[in-house]
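Colleague: Got a minute to walk me through this one? I'd like to go over the side chains and backbone oddities before I set anything up.

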Amino acid sequence: MMTTPVKPEIQVVYQRPDSFTDLTTHYCPGCTHGIAHRLVAEVIDEMGLREKSIGVAPVGCSVFAYKYFNMDFVEAAHGRAPAMATGIKRVLPKNTVFTYQGDGDLASIGMAEIIHAAARGENITVIFINNAIYGMTGGQMAPTTLPGMKTTSSPFGRDVELSGYPVRMCEILATMEGAGYIVRRSLHDAKHIRQAKKAIRLAFETQERGLGFAMVELLSSCPTNWEINPHEALDFIAERMVPVFPLGDYKVNEELKH
Amino acid sequence: MAKELLKGNEAFAEAAIRAGCEGFFGYPITPSTEFLEHMARRMPQLGRAFVQAESEVAAINMVYGAACAGKRVMTSSSSPGISLMMEGISYIAGTEVPAVIVNVMRGGPGLGNIAPSQGDYYQMVKGGGHGDYFPIVLAPASVQEAIDFISLAFDLAEKYLNIVYVIADGNMGQMMEPAELPPMRELPKEPPAWAVTGAKGRKPNILSSIYINPPDEEVTNIRLVKRWLEIEKNEIRFSEYLMEDAEFAVIGFGTAGRVATTAIRAARQEGIKVGLFRPITLAPFPKEQVAEISRRVKRILVVEMNSGMMLEDVAAAVQGRVPVEFFGRMGGVTPFPDEILDEIRRVAANKRPVNWNARAEWIARLEQIVAEGK
Ligand SMILES: Cc1ncc(C[n+]2csc(CCOP(=O)(O)OP(=O)(O)O)c2C)c(N)n1
Ligand code: SF4
Ligand SMILES: [Mg+2]
């Protein structure tokens with residue numbers, strides 16, 4: 001008599017989120033944009049939001065974000081994603097609306113739009129990729145570039161006398177009454193990536209629970225324009241960026257704490 | 001509904017609401033502000049979206065977002081504010097979503113002043129923002145026309161997935177005039193198939209103006225040009241007054257056209273056979289109609305409240321068949337009927353050819369008029 005072999009319980013523990021398309025991204029090796037995308041897609045899957053989500057892509061290296069997320073998407077003008085998201089959310093208040101923006105996009109050209117979206121308490125979620133540089137245009141100085149850091153437009157290192165100091169967005173936005181959730185996380189190692197994911201989840205929960213504007217700033221790498229290898233780039237985040245941009249919770253609505 | 005005494009901007013705003021506008025995003029600027037103020041009161045009452053944005057840059061990008069969501073949305077502003085919107089307008093055009101923009105024009109360039117002007121003709125008619133696109137431009141000459149054209153603007157914007165400007169000036173925005181508002185339209189139950197509303201039970205909808213591969217962009221450009229040719233075929237609008245037997249034609253739009261009407265009536269009493277051709281769609285421009293007029297009149301006088309902008313479109317259509325002369329006031333100055341009557345008399349008596357520079361001849365006359373304190 002034949003016996004059927006007992007199959008070990010096979011469980012899928014890692015797969016492509018439904019909220020992702022199966023395209024290969026165009027990001028450079030060692031770039032953390034891809035990790036940030038994946039975290040957002042996983043959170044949207046886990047919260048079951050895919051079918052009602054509308055993403056707003058920026059102008060920057062993530063301009064093609066809409067190709068990688070398997071959901072409705074629009075592509076904003078440089079810096080205007082929060083205004084576009086406002087327009088969408090105001091006419092479709094039941095949908096989940098999020099922007100994904102770089103530091104040039106959000107903290108330079110789009111400064112007015114992000115501040116006022118937060119001030120109005122727009123119920124949107126913002127994923128803010130701070131890589132201290134303009135990636136897409138070939139490595140110019142960003143408002144978040146560190147003092148002394150060499151870029152193509154600060155070739156002798158950012159001179160604070162000439163071009164000022166890094167802009168800290170979480171600290172600024174945490175002063176806004178309309179903000180429900182403002183935190184800074186980093187993507188430089190597995191532990192921090194897990195913490196980043198939890199924060200992204202809370203940022204979407206802020207929106208779903210109608211608690212106002214939510215932003216997660218993610219310290220990210222740009223090995224290509226920093227001109228170092230991917231491994232050194234992660235160290236650069238931990239050693240050089242974190243001291244200037246301290247990780248932490250800058251504003252968390254009481255209701256999110258329980 | 002009967003005629004009532006309506007204030008320009010408020011009537012335009014109410015007309016937009018009745019035409020089914022579901023989102024208004026704007027920033028205060030004279031002489032358009034009452035539009036925004038009316039929306040601030042009425043839109044929340046009706047459960048529709050209203051945001052006073054932090055700038056015109058933000059306002060137009062809110063319009064862009066809400067338009068992508070498939071709603072009837074608009075903004076209203078005045079010249080400097082419209083300049084600030086140009087990047088967003090180009091994105092809207094490149095994404096092929098509908099949007100209605102009311103420009104209550106004022107004197108410029110720069111901060112200029114808040115008085116009525118038609119100085120944005122080039123910016124409105126020729127595009128204003130970057131890249132190859134063609135906005136539709138409707139130019140009302142009365143409060144009633146503005147009311148009617150705002151409804152029409154939404155319909156055209158949606159039919160052609162195009163930007164539609166309704167351009168008024170401070171005169172129309174601020175005047176009280178008897179007019180009739182349309183009844184309230186029902187809002188559509190279903191969003192258009194292309195809108196971003198959440199990819200439930202369908203493939204994701206992606207709305208963007210990026211075509212990184214030039215041949216793909218060119219395919220889009222071809223589509224936009226073909227759409228424009230279609231618009232040129234179907235949507236030309238104009239109005240004529242005493243043109244049947246006219247030997248001289250005055251061509252003017254909006255307020256300038258309206259003021260010219262009074263002058264033409266007076267000229268007729270003096271026996272001058274003059275009529276008015278008033279383009280309503282400045283884009284698409286009624287080229288063939290102007291060409292046809294130039295085959296049956298002796299001379300054409302273009303009247304504008306700018307430095308002779310539509311003049312160039314008229315001259316292009318006339319192709320030298322008859323002399324085209326120009327009279328304009330600028331800087332927020334509205335011409336009086338008497339001034340235009342003087343010009344009609346002069347043009348009717350003028351036998352000289354125009355030396356291809358109507359603008360140079362006019363500016364000399366204008367300096368004289370200004371020197372005389374008129
Ligand atoms: C109005 C306008 N100005 C400038 C640009 C050029 N531009 C494109 S992306 C970019 C900077 C992007 O940097 P960032 O937002 O930090 O994104 P990253 O590429 O680093 O992810 C600039 C200046 C543009 N597209 N539009
Ligand atoms: S240039 Fe920098 S930010 Fe852009 S994809 Fe490459 S590594 Fe990432
Ligand atoms: Mg950057």
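Modeller: Sure. One term up front: partly exposed is anything between buried, under 20% relative accessible area, and exposed, over 50%. D342(B), at 38% relative accessibility, therefore counts as partly exposed. And keep in mind that this is a predicted model.

Colleague: Noted. Which salt bridge is D342(B) in?

Modeller: D342(B) pairs with R345(B), with N and O 2.9 Å apart. Both sit in helix α12 (residues 337-349) of chain B, and because they are three residues apart there, about one helical turn separates them. R345(B) is partly exposed too, with a relative accessible area of 34%.

Colleague: Which residues do shared salt-bridge partners join into one network?

Modeller: That network is made up of R299(B), E325(B), E343(B), R346(B) and R365(B).

Colleague: And how many salt bridges over all chains?

Modeller: The search of the whole structure gives 45. Take E14(B) and R42(B): their side chains meet at 2.8 Å, N to O. E14(B) is in helix α1 (residues 8-18) of chain B and R42(B) in helix α2 of chain B, so this bridge ties together parts that lie 28 residues apart in sequence.

Colleague: Is E14(B) buried or exposed?

Modeller: Buried, since its relative accessibility is 6%.

Colleague: What about R296(B), which residue does that one bridge to?

Modeller: E240(B), and there the closest N and O atoms are 4.0 Å apart. This pair links distant parts of the chain, 56 residues apart: R296(B) is in the loop between α10 (287-294) and β14 (299-304) of chain B, while E240(B) is in strand β10 (residues 238-241) of chain B. Both ends are partly exposed, R296(B) at 33% relative accessibility and E240(B) at 41%.

Colleague: Switching to cysteines. How many disulfides does the search find over all chains?

Modeller: Zero, over the whole structure. For C170(A), the nearest cysteine sulfur is that of C31(A), 19 Å away.

Colleague: Why no bond for C21(B)?

Modeller: Because the closest cysteine sulfur, in C68(B), is 16 Å from the sulfur of C21(B), which is too far for a bond. The cut-off for a disulfide is 2.5 Å between the sulfurs.

Colleague: Are those two cysteines, C170(A) and C21(B), buried or exposed?

Modeller: C170(A) is buried, with 0% relative accessible area, and C21(B) counts as buried at 0% as well.

Colleague: OK, ligand 2. Which residues are around it?

Modeller: The shell is Y27(A), C28(A), C31(A), H33(A), C61(A), N131(A), G135(A), C222(A), P223(A), T224(A) and N225(A). Helix α9 (residues 223-226) of chain A gives the largest share, three residues.

Colleague: How does that shell divide into nonpolar, polar and charged?

Modeller: Six nonpolar and five polar, with no charged residues around ligand 2.

Colleague: Good to know for the charges. Now the backbone: where are the cis peptide bonds you'd flag?

Modeller: I'd flag two in chain B. T30(B) and P31(B) are joined by one, with omega about 5°, and P31(B) is in the loop between β2 (23-26) and α2 (33-45) of chain B. Another joins G108(B) and P109(B), with omega about 10°. P109(B) belongs to the loop between β5 (99-105) and α5 (121-125) of chain B.

Colleague: And positive phi in something other than glycine, which residue has that?

Modeller: L161(B) is one of them, with phi near 45°. That residue is in the loop between α6 (143-160) and β7 (163-169) of chain B, and is partly exposed at 21% relative accessibility. E227(A) is another, not a glycine but with a positive phi of about 60°. E227(A) lies in the loop between α9 and α10 (230-244) of chain A and counts as exposed, at 70% relative accessibility.

Colleague: Last topic, the surface. Which residues form a nonpolar patch?

Modeller: F134(B), V225(B) and L229(B) do, and together they have about 230 Å² of accessible area. V225(B) is in helix α8 (residues 214-234) of chain B and is partly exposed, at 34% relative accessibility.

Colleague: Great, that's what I needed.

Methods:
Residues numbered from 1 in each chain as written. Chains lettered and ligands numbered in written order. Predicted model: local features only at pLDDT ≥ 70, side-chain atom pairs only at ≥ 80, totals over all residues. Heavy atoms only, no water. Buried < 20%, exposed > 50% of the residue type's maximum accessible area, 1.4 Å probe, protein only. Near = heavy atom within 4 Å. Helix = DSSP H or I, 4+ residues; strand = E, 2+ residues; numbered from the N terminus. Nonpolar A, V, L, I, M, F, W, Y, C, P; charged D, E, K, R; others polar. Patch = residues over 30% accessible without salt bridge, like charges linked within 9 Å, V, L, I, M, F, W, Y side chains within 5 Å. Areas by Shrake-Rupley, 256 points an atom, 1.4 Å probe, with all protein chains shown as cover.
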